[in-house]
Amino acid sequence: MEELRPCETRHGRARKLIPKDSLSRGRARETASSAARKPAAAAAGRSRSLRVMSSRVQVPDTPGLRKTRGAFFTPAPIADYLAEWAVESDPQARVLDPTCGESVFLEAAGRKLLEAGADQGAIRRQVIGVDLHRDSVETSRALLERRGLGGTFLVEDFFALSPPDCLDARLEPVDAVIGNPPFIRYQEHAGLDRKRSVQAALAQGVRLSGLASSWAALLVHACGFLKPEGRLAMVLPAELLSVGYAEPVRRWLRRRFKAVHLVMFERLQFEDALERVVLVLARGSGGCNAFTLVPVQDAEDLQTIRIFGPMHLNVAPAHEGKWTDFLLPVHQRQLFDRVVSEHMVSLDSYGTPSLGTVTGANDYFCISEATRLEYTIPERLLAPISPPGTRHLRGLSFGKRDWEKLRDAGESVWILRGEEPTLLRADAAGLKRYIAAGKARGVDDAYKCRVRDMWWRPPLVTPPDLFFTYMSHRYPRLITNSAAVSFVNSMHGVRLRVNAPKLAKQALPLLAFNSATMLGAEIHGRTYGGGVLKMEPREAASLPMPGPKALEAAWKHLAPHRSALDRQLRQGLWTGVVKRVDEALLHQACRLSEAEVTDLHAAARSLRERRTGREILPEDD
Ligand SMILES: C[S@@+](CC[C@H](N)C(=O)[O-])C[C@H]1O[C@@H](n2cnc3c(N)ncnc32)[C@H](O)[C@@H]1O
């Protein structure tokens, strides 16, 4: 076969995306995309189109050679997407592609800089490319000149370049690192090259094993060129998420960057590489607890995704282990996305979740009726609360009777709320004794108490309309606060907006038992060790809840059965309740087909089971 210049590869073949329905057509696509550029050649078929291209061959570069140096070229829509993240509309941004090939990324970055208002003359200093393949660099240089952009290029082994904090550095720190490093397996990535790359990664604090492919060291070394607030935008093999040798890279990504987003493709995106890829978008420094996974079908979807949109899964994985466990098939996520955008609103639009009182020592500040009587503290110097913990909140509401039962059972149903002048009153003697007892125990030394004006007076929050259980094994729940009591930070509170529908206070706790909301909780919440699902107020705020119309329609069906369903929940029989709510809300009110409801249910269940690491039996409590 005649040889192709890499330049043909990029502009003819690799720029073409694989059509959604033709993953296995293999190299036939080469002809199709070349033909798209040259209709005459297309008519003549594959061999002719290759001949047309090969007539311009000046420098030999075979597929074998390209494979050896990991030269697979990135489709333009992917490069554009990454360039947008890298430049971030900053006309001053300096962007480095450490293995630039024929500069699909640098060209995209140059265009984004122009759009951002960069000075055309300055772009050649802002756009920096390195590649060890001289012809690729020459092609890049010429291409960027032709586009009126220009760039700074080095023909170098990138591992021979020291990061900017070294004495022999040749490059200044950059705002963004962009690119698609070579994917060369360890068997071929050997000898001196390997040694140098491993040392470069080690200099950034990452110890790679002998099994690591070339991309791992390149990624880590390249980030050594970033400013502290800099951005990373790279195409990496999807094995980053799963293979053992990438474990140190996963750990490093979490501790190196302030935010990490991963865009995962369901389909192959490179015609000439059988590698699944993931886009890694990261920024800042200092480490992050969680990152976002964004599954998409292919590069066409990139135009529609928004980081933090409903498609995204916030993941706080264990410190060790692979990162792919949280994924759903795209059709389920798309169904979820559609249901959310057509029928749901965020919890925040009914009311904002907020934190409960942080006492600093619940076992002191939250007291039982027996302690109250022992110290003869009048009720008016205390406030009634839902006791710490959430085990007692099993039903749809927490009423006065529930509170009284807990009081009689010896639970901590009161919290101190004395105010300074109160202490001067005659009936405050008991409270004073209790404060003295706390001091004797050293409660005033606890951090949260030390930093308060008056250590013994925790900042009491006003009673919310609803409670929200934010740490859960199964699912987060809303509970109507019919008792109108205050609460501590073992849950969140939701105060309904003045314009929230009247029925929201009663209806939301029951309607939250639907599969779309439950799936939303898995997607928006964070998973912690032991499979616990945690939702901070910001994440709880984004939990999808039935919109007002759907809420009202479903409530009509469910209101007559509320007491019976409440009883079922209190007995731990929750799956029957979910079925009933799914039927009323998703099927009858939102008009989803039974198959769609089943799909959402299965999706919520599979994420929940993956999170907890076990099958949850129908009425498992
Ligand atoms: C996967 S290609 C990517 C090219 C381009 N960024 C793109 O996506 O179209 C990898 C490129 O890395 C270059 N390369 C491989 N090892 C390198 C190294 N150690 N230093 C610099 N460039 C290298 C190859 O010559 C090739 O052009």
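How many of the 7 residues of strand E7 (residues 277-283) are buried? In this predicted model, 7 of the 7 are buried, so E7 is largely enclosed by the rest of the structure. The residues of E7 point in two directions. Val-277, Leu-279, Leu-281 and Arg-283 point one way. Val-278, Val-280 and Ala-282 point the other way. Both sets are buried, the charged Arg-283 included.

Strand E7 has pairing partners in E5 and E6. Strand E5 (residues 226-237) pairs with E7 over 7 bridges, in the antiparallel sense. Within this pairing, Leu-232 has Ala-282 of E7 as its bridge partner. Strand E6 (residues 259-265) is also antiparallel to E7, with 6 bridges between them. Here Ala-259 is matched with Arg-283 of E7 as its bridge partner. Ala-282 and Arg-283 thus both appear in bridges of E7, Ala-282 with Leu-232 and Arg-283 with Ala-259. These two residues point opposite ways from the strand.

For the protein chain as a whole, the model has 25 helices and 22 strands. The chain contains 621 residues, and 46% of them count as buried. Contacts were also sorted by separation in sequence. Among contacts between residues at least 6 apart, 76% join residues at least 24 apart.

A second region of strand pairing is an open sheet. It contains 4 strands in the order E11-E19-E15-E17, and the pairing is antiparallel. Strand E11 (351-355) and strand E17 (478-480) form the edges, each pairing on one side only. Neighbouring strands of the sheet are turned by 30 degrees against each other on average, with direction ignored. Helix H19 (residues 504-511) packs on this sheet. The helix touches E15, E17 and E19, and its direction makes about 145 degrees with that of E17.

Within the sheet, strand E19 (residues 492-496) is joined to strand E15 (residues 466-468) by 3 bridges, and the two run antiparallel. Leu-466 stands opposite Val-494 of E19. Phe-467 stands opposite Gly-493 of E19. Strand E19 also pairs with the edge strand E11, in the antiparallel sense and over 5 bridges. In that pairing, Gly-351 stands opposite Leu-496 of E19.

Helix packing was examined for H20 and H25. Helix H20 (residues 515-524) packs against helix H25 (residues 594-612) at an angle of about 30 degrees, and the axes are 9 Å apart. Angles under 35 degrees count as roughly parallel. H20 and H25 are therefore roughly parallel to each other. Their crossing is left-handed.

On the H20 side, the contact involves Ser-515, Ala-516, Met-518, Leu-519 and Glu-522. On the H25 side, it involves Val-597, Leu-600, His-601, Ala-603, Ala-604, Leu-607, Arg-608 and Arg-611. The residues of this contact divide into 8 nonpolar, 2 polar and 3 charged.

Conventions: Residues numbered from 1 in each chain as written. Predicted model: local features only at pLDDT ≥ 70, side-chain atom pairs only at ≥ 80, totals over all residues. Axes fitted to C-alpha atoms, helices over the stretch in contact; angles between N-to-C directions. Parallel < 35°, antiparallel > 145°, perpendicular 65-115°, else oblique. Left-handed = near helix turned anticlockwise from the far one by under 90°. Contact = placed C-beta atoms within 7 Å. Buried ≥ 20, exposed ≤ 12 C-beta atoms within 10 Å, placed from the backbone. Pairing = 2+ DSSP bridges.
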